Amino acid sequence: AEDSKKEKTALEIALERAQAELIVGGAMPSLLAESDGLTQTHQYKINWDLKRDIQPSLDILDRRTQKAIVQILRERLENEVQEEEGTDQLD
């Protein structure tokens, strides 16, 4: 009776190790996809949800950055033109 308890624990330990290796190794999603047609699992990158959630904010910031760059360039060109006009008047 004691040997069967030891075997069960040894089998349980081996099963737990095998499950941990499958999960850590990333084989679990592919096994699920193969074994069950209803279960669709995809391997995502770790931060896929963060990128999805902040993408709209990043798009807004990108547009604002582009507008700011254009404004700075316009101001710089206007200053150059004014400086050239000022030097032309002195001559």
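Ile54 is partly exposed, at 43% relative accessibility, and this residue of helix H3 joins Leu58 and Leu61 in a nonpolar surface patch with about 260 Å² of accessible area together. The model is a predicted one, and its confidence varies along the chain, with the highest mean in H3, at 90, and the lowest in helix H2 (residues 27–35), at 52.

**Confidence**

- Across the protein chain the mean pLDDT is 76, and 64% of the residues reach 70 or more.
- Helix H2, with its mean of 52, is where confidence is lowest. Where pLDDT is low, the predicted coordinates should not be read in detail.

**Salt bridge**

- A search of the whole structure gives 1 salt bridge, and the side chains of Arg52 and Asp53 meet in such a contact, at 3.1 Å from N to O.
- Both partners fall in the partly exposed class, because that class lies between 20% and 50% relative accessible area, and Arg52 has 48% while Asp53 has 47%.

**Negative surface patch**

- Glu80, Glu83, Glu84, Glu85 and Asp88 form a negative patch on the surface.
- Glu83, one of the residues in this patch, is found in helix H3, which spans residues 48–90.
- With a relative accessible area of 56%, Glu83 counts as exposed, because the exposed class begins over 50%, whereas Ile54 of the nonpolar patch, at 43%, is partly exposed.

Methods: Residues are numbered from 1 along each chain as its sequence is written. This is a predicted model: local features need pLDDT of at least 70, side-chain atom pairs count only at pLDDT 80 or more; totals for chains, interfaces and linings use all residues. Side-chain values use heavy atoms; hydrogens and water are left out. Patches are made of residues with over 30% relative accessible area and no salt bridge: like charges are joined within 9 Å, nonpolar side chains (Val, Leu, Ile, Met, Phe, Trp, Tyr) within 5 Å. Accessible areas come from the Shrake-Rupley method with a 1.4 Å probe; for residues, only the protein chains shown count as cover. A salt bridge is a side-chain nitrogen of Lys or Arg within 4 Å of a carboxyl oxygen of Asp or Glu. Lys and Arg count as positive and Asp and Glu as negative; His and the chain ends are not counted. The place of a charge is taken as NZ of Lys, CZ of Arg, CG of Asp or CD of Glu. Helices (H or I, at least four residues) and strands (E, at least two) are DSSP runs, numbered from the N terminus. Buried means under 20% relative accessible area, exposed over 50%, partly exposed in between (1.4 Å probe, protein chains only). pLDDT is the predictor's confidence in each residue, from 0 to 100.
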